[in-house]
Amino acid sequence: MAGQVLLKIVCLLMRWLFGLAVLVRGDRERSAELLVLRHENAVLRRNASRIRYDTADRAWFSVLTRFVPRRRWAEVFPVTPATLLAWHRRLAAGKYDTSKRRRPGRPPTVWSIARLTIRLAHENPLWGYRRIHGELTKLGAAVAASAVYEILRAAGTGPAPRRDGPTWRQAVRALAQGG
């Protein structure tokens, strides 16, 4: 995604620079043809056998199509006009491609918070996930108690052990009996 944005910025910058050069020199078609031929020569030198155009080569030729009349594309460019249009369509389609975007649902917890959660659980075996959540909140980590529970469960850390001693019901009954 970032590569496409960078490529688009470079293309726009090149188009702007060529437009500026045309204002200075005057003959934009001839200048664009020279640039196409120079780039084609560089590509041919780079490839010993079969010619392979990189993404940068395709972008370069796509930018230069703006400065050469369409009727002359077949004479100037090393590929057919249909190939140039297909490259342009593929570059434009990348803008609307949603396959690499974030999946639906909650994003995963930041790994540093998950590591800290596991570390707190190992260093304090009597703490439950709610206590660990409270400590993380005090440290400024924005994480839900359910996320802490899921992190501990995924790490194989079970719940905090039950405390030995009477339950609330037994303690209250003992107090009521005077014991």
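Student: In this predicted model, is Arg153 buried or exposed?
Tutor: The relative accessible area of Arg153 is 53%. The cut-off for the outer class is over 50%. Arg153 is therefore exposed.

Student: Which residue forms a salt bridge with Arg153?
Tutor: Opposite charges on side chains can pair when the charged atoms come close. For Arg153 the closest N and O atoms are 2.6 Å apart. The two residues are 3 apart in helix 8, separated by about one helical turn. The partner of Arg153 is Glu150.

Student: Which residues are joined into one network by salt bridges that share partners?
Tutor: The count of salt bridges comes to 5. One of them links Arg131 and Glu135, with closest N and O atoms 3.5 Å apart. Those two residues are 4 apart in helix 7, or about one helical turn. With shared partners, the network consists of Arg131, Glu135 and Lys138.

Student: Is Glu135 buried or exposed?
Tutor: Arg131 is partly exposed at 44% relative accessibility. Glu135 has a relative accessible area of 18%, and the limit for the inner class is under 20%. Glu135 is therefore buried.

Student: At what angle are the ring planes of Tyr129 and Tyr149?
Tutor: The count of aromatic pairs comes to 1. Tyr129 lies in helix 7 and Tyr149 in helix 8, so the pair ties together parts 20 residues apart in sequence. The ring centres are 5.2 Å apart. The pair is edge-to-face because the planes are at 65°.

Student: Which helix gives the most residues to the largest nonpolar core?
Tutor: This core has 17 residues, and those that touch the most other members include Val36, Phe61 and Phe77. Two or more residues come from each of helix 2, helix 3, helix 4 and helix 5. The most, 4 residues, come from helix 3.

Student: How many residues are in the second, separate core?
Tutor: Among the members of this second core are Ile113, Ala121, Val143 and Leu152. Two of these names recur beside Thr157, a residue in the loop between helix 8 and helix 9: leaving aside neighbours within four places in sequence, Thr157 is in contact with Ala121, His122 and Leu152. The number of residues in the second core is 10.

Student: In which helix is the confidence of the prediction lowest?
Tutor: The protein chain averages a pLDDT of 79, and 88% of the residues score at least 70. Confidence is highest in helix 7, at a mean of 92. The lowest mean, 66, belongs to helix 1.

Note on methods: Residues are numbered from 1 along each chain as its sequence is written. This is a predicted model: local features need pLDDT of at least 70, side-chain atom pairs count only at pLDDT 80 or more; totals for chains, interfaces and linings use all residues. Side-chain values use heavy atoms; hydrogens and water are left out. pLDDT is the predictor's confidence in each residue, from 0 to 100. Contact means heavy atoms within 4.5 Å. A nonpolar core is a set of buried Ala, Val, Leu, Ile, Met, Phe, Trp, Tyr and Cys residues joined through side-chain atoms within 4.5 Å. Buried means under 20% relative accessible area, exposed over 50%, partly exposed in between (1.4 Å probe, protein chains only). Rings of Phe, Tyr and Trp (its six-membered ring) pair if their centres lie within 6.5 Å; planes under 30 degrees apart count as stacked, over 60 as edge-to-face and the rest as tilted. A salt bridge is a side-chain nitrogen of Lys or Arg within 4 Å of a carboxyl oxygen of Asp or Glu.
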